[in-house]
Amino acid sequence: MALTDRTALVFGSSSGIGKAIALGLARKCSKIFLVSSNPDKLSDTASFIASNTGCSCVGTYAADMSDLQQLNI
């Protein structure tokens, strides 16, 4: 499946399964937006993707998705 012109929003992308999904999508050169509650690991993941896959993240957002106050909704 071609993902070149798609944008993926990946939750929990700073570690574990979420990070693996983000890396897999980046290898397909999707545009990726990363979300995680850990801003330091999120930044590391974005840097890793940029330096190892040739694709870059469209953006990152550090927030705990279970806490609505952090989401500014």
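Biologist: What share of the contacts in the protein with a separation of 6 or more comes from residues 24 or more positions apart?
Modeller: That share is 52%. Contact here means heavy atoms within 4.5 Å. Keep in mind that this is a predicted model, where local features need pLDDT of at least 70, side-chain atom pairs count only at pLDDT 80 or more, and totals for chains, interfaces and linings use all residues. Residues are numbered from 1 along each chain as its sequence is written, and side-chain values use heavy atoms, with hydrogens and water left out.

Biologist: Which elements do we have, and in what order?
Modeller: The order from the N terminus is β-α-β-α-β. That comes to two helices and three strands. Both kinds are DSSP runs numbered from the N terminus: helices are H or I with at least four residues, strands are E with at least two.

Biologist: OK, the core. How many residues are in the largest nonpolar one?
Modeller: It has 13 residues. V10, A22, L25, I32, L34, I49 and C57 have the most contacts inside it. Four elements each supply at least two of its residues: β1 (7-11), α1 (16-27), β2 (31-36) and α2 (39-53). The largest share, four residues, comes from α1.

Biologist: What counts as a nonpolar core?
Modeller: A set of buried Ala, Val, Leu, Ile, Met, Phe, Trp, Tyr and Cys residues joined through side-chain atoms within 4.5 Å. Buried means under 20% relative accessible area, exposed is over 50%, and partly exposed is in between (1.4 Å probe, protein chains only).

Biologist: Why would such side chains sit together?
Modeller: In soluble globular proteins, nonpolar side chains tend to be buried together.

Biologist: Back to C57. What does C57 touch?
Modeller: I32, L34, A46 and I49, leaving out residues up to four places away in sequence. S47 is 10 residues from C57 in sequence, and their C-alpha atoms are 8.6 Å apart.

Biologist: Where is S47, then?
Modeller: In helix α2. S47 is partly exposed, because its relative accessible area is 43%.

Biologist: There's C29 too. Which residues is C29 in contact with?
Modeller: L3, T4 and C55, setting aside neighbours within four places in sequence. C29 is found in the loop between α1 and β2. Its relative accessible area is 36%, so C29 is partly exposed. G12 is 17 residues from C29 in sequence and 19 Å away in space, C-alpha to C-alpha.

Biologist: Now α1. Is G16 buried or exposed?
Modeller: Exposed, because G16 has 54% relative accessibility. G16 is found in helix α1. G16 and R6 are 10 residues apart in sequence, with 23 Å between their C-alpha atoms.

Biologist: And R27, buried or exposed?
Modeller: R27 is exposed, with a relative accessible area of 56%. R27 lies in helix α1. From R27 to L68 is 41 residues in sequence and 32 Å in space, C-alpha to C-alpha.

Biologist: Zooming out. What radius of gyration does the protein have?
Modeller: It has 12 Å, which agrees with the value near 11 Å for a compact globule of 73 residues. The radius is taken over C-alpha atoms, and the globule rule is 2.2 Å times the number of residues to the power 0.38. The C-alpha trace spans about 35 × 20 × 20 Å along its principal axes.

Biologist: How much of the protein counts as buried?
Modeller: 34% of the 73 residues.
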